[in-house]
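Colleague: I'd like to learn how to read a model like this one, feature by feature. Can you walk me through it?

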Amino acid sequence: MKKIILLGASGSIGTQTLDVIRNNPEKFMLYACSCGRNLEQAIQIISEFKPLYVCVRNHQDINVLKKYQFACKYYVGEEGLNCLAMLDVKATLVNALVGTVGLMPTINAIKTHKDIALANKETLVTAGEIVMKLAREYKVNIYPIDSEHSAIFQCIKGERQKDISKLIITASGGSFRDKKREELIDVTVEDALRHPNWNMGAKITIDSSTMMNKGFEVIEAYHLFGIDIDKIETVLHKESIIHSMVEFVDCSVKAQLGTPDMRVPILYALSYPERIDYPGERLDLKKIGTLHFEELSFERFPCLKMAYQAIKEGGIMPAVLNAANDASVELFLDRKIKYLDIEKIIEYYLKNTVQMINPTIEDIVNVCFEIKKDIYKKFGGQK
Ligand code: MG
């Protein structure tokens with residue numbers, strides 16, 4: 001029985017991780033979890049899965065939950081997330097948190113010898129070098145939950161690193177894939193939140209539409225698989241059937257396919273190296289008929305270009321990219337800025353932030369904090 005510590009249980013990846021645990025009660029148990037603002041959902045999760053430890057946002061939430069007399073111990077806030085990550089138990093940490101808040105729990109779980117199933121993008125985007133080095137040092141495995149990285153992880157299994165010539169990351173294209181740039185000027189939050197293939201949280205749906213999500217995935221792949229950035233390509237693939245590919249030196253290409261369902265990569269990350277039965281929708285290529293591929297252009301998607309630029313410059317720049325994106329997406333969701341302002345704001349901070357080589361975690365956290373503060377101040381956010 002594998003014990004799971006699930007951070008971000010009430011989010012999109014979190015609830016799908018709970019589906020995986022629910023479907024495999026003899027394999028996995030929810031040992032601890034953190035929940036966000038939806039307390040109703042927290043109550044349901046605790047009643048059903050009976051975790052021993054639960055982290056909530058504040059003490060008020062605990063007072064509400066205590067009325068139900070659940071037999072679990074409560075933790076609060078960011079400190080609580082880190083306490084869960086450091087629990088003295090052999091367990092896998094599923095990090096499904098959204099935002100920079102996910103970084104420290106990953107680091108603390110590694111330091112307490114827990115394998116990581118990683119969905120939190122900020123962990124590798126902002127501190128990839130530090131996190132991967134720690135994982136090697138503590139001999140901890142990092143299993144990707146994202147569909148693209150899970151695909152690459154599956155394709156390179158049994159292959160030698162030196163035989164890999166290229167990673168090809170597929171992109172569905174997000175909600176505006178059929179719009180030209182000039183058509184983006186007045187798009188609304190509602191338009192942006194309508195993703196054609198995947199059902200995800202608001203932040204990542206916006207990131208998919210700007211292609212920043214793909215940019216983050218390129219950066220994550222660079223760290224996870226230790227591949228030169230120039231050997232990582234992206235391709236627009238609207239059907240989301242091929243989840244990514246790997247090309248080898250002999251011109252052979254491996255792809256991993258399946259119907260778009262995040263529970264598949266989640267299950268693989270938790271069951272690795274085994275595969276477990278899953279009654280999901282099977283892929284029927286006869287029904288699909290045709291798969292399409294197009295170039296993802298940097299002109300159409302400048303956020304993708306900026307992500308490549310940030311990782312090539314290295315140092316603090318990927319963290320700058322992430323912080324500026326985080327704050328501007330939030331402002332867009334709050335209707336304080338327009339859609340195309342997102343990329344303008346990111347570009348400004350990439351240009352105007354002083355580079356820092358080999359930043360520490362403290363440097364990264366500080367720069368993120370300062371940039372976000374600056375953006376909220378300039379554009380009238382609530383923080
Ligand atoms: Mg993805």
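Colleague: Let's start with the strands: how many bridges join β3 to β4?

Modeller: A word on the source first. This is a predicted model, in which local features need pLDDT of at least 70 and side-chain atom pairs count only at pLDDT 80 or more, while totals for chains, interfaces and linings use all residues. Residues are numbered from 1 along each chain as its sequence is written, and side-chain values use heavy atoms, with hydrogens and water left out. Now the general idea: strands of a sheet pair through backbone hydrogen bonds, either parallel or antiparallel. Here β3 and β4 run parallel and are joined by 4 bridges; two strands pair if DSSP finds at least two bridges between them. Strands are DSSP runs of E with at least two residues, helices are H or I runs of at least four, and both are numbered from the N terminus. As an example, V54 has Y74 in β4 as its bridge partner.

Colleague: And what lies on the other side, between β2 and β3?

Modeller: Strand β2 (residues 28-34) is joined to β3 by 3 bridges, and the two run parallel. S34 has C55 in β3 as its bridge partner.

Colleague: In which order do the strands of that open sheet come?

Modeller: The order is β4-β3-β2-β1-β5-β6-β7, so to speak from edge to edge, with 7 strands and parallel pairing. β4 and β7 (142-144) stand at the edges with a single partner strand each, so one side of each has no neighbour in the sheet. Neighbouring strands are turned by 25 degrees against each other on average, direction ignored; the axes are lines fitted to C-alpha atoms, for helices over the stretch in contact, and angles run from 0 to 180 degrees between N-to-C directions.

Colleague: How do I read the two faces of a strand such as β3?

Modeller: In a regular strand the side chains alternate between the two faces of the sheet. In β3, Y53 and C55 are on one side, V54 and V56 are on the other, and all are buried, which leaves both faces covered. Buried means under 20% relative accessible area, exposed over 50%, and partly exposed in between (1.4 Å probe, protein chains only). For contrast, take V64 in helix α3 (residues 59-66): V64 is partly exposed, at 31% relative accessible area.

Colleague: What order does the open sheet of 4 strands have?

Modeller: That one reads β9-β8-β10-β11, with mixed pairing. β9 and β11 (253-257) are the edge strands, each pairing on one side only, and the twist averages 20 degrees from one strand to the next. Strand β8 (residues 164-171) pairs with β9 in the parallel sense over 5 bridges, and A171 stands opposite L236 in β9. In strand β9 (residues 232-236), 4 of the 5 residues are buried, so β9 is largely enclosed by the rest of the structure.

Colleague: Which residues coordinate the magnesium ion?

Modeller: D146 (OD), E148 (OE) and E217 (OE) do, at 2.2 to 2.4 Å. E148 lies in helix α7 (residues 147-155) and E217 in helix α10 (residues 212-225), so the pair ties together parts that are 69 residues apart in sequence. Donors are N, O and S atoms within 2.8 Å of the metal (3.2 Å for Na, K and Ca), and water is not among the atoms, so sites may look incomplete. Along the chain, the donor spacing is D-x1-E-x68-E. E148 counts as buried at 8% relative accessibility, and E217 does too, at 1%.

Colleague: How many aromatic pairs does a search of the whole structure find?

Modeller: A pair of aromatic rings is described by the distance of the centres and the angle of the planes. The search finds 12 aromatic pairs. Rings of Phe, Tyr and Trp (its six-membered ring) pair if their centres lie within 6.5 Å; planes under 30 degrees apart count as stacked, over 60 as edge-to-face and the rest as tilted. Y53 and Y75 form a tilted pair, 6.2 Å centre to centre with 40 degrees between the planes. F332 and Y339 form an edge-to-face pair, at 5.5 Å and 70 degrees, and both residues are buried.
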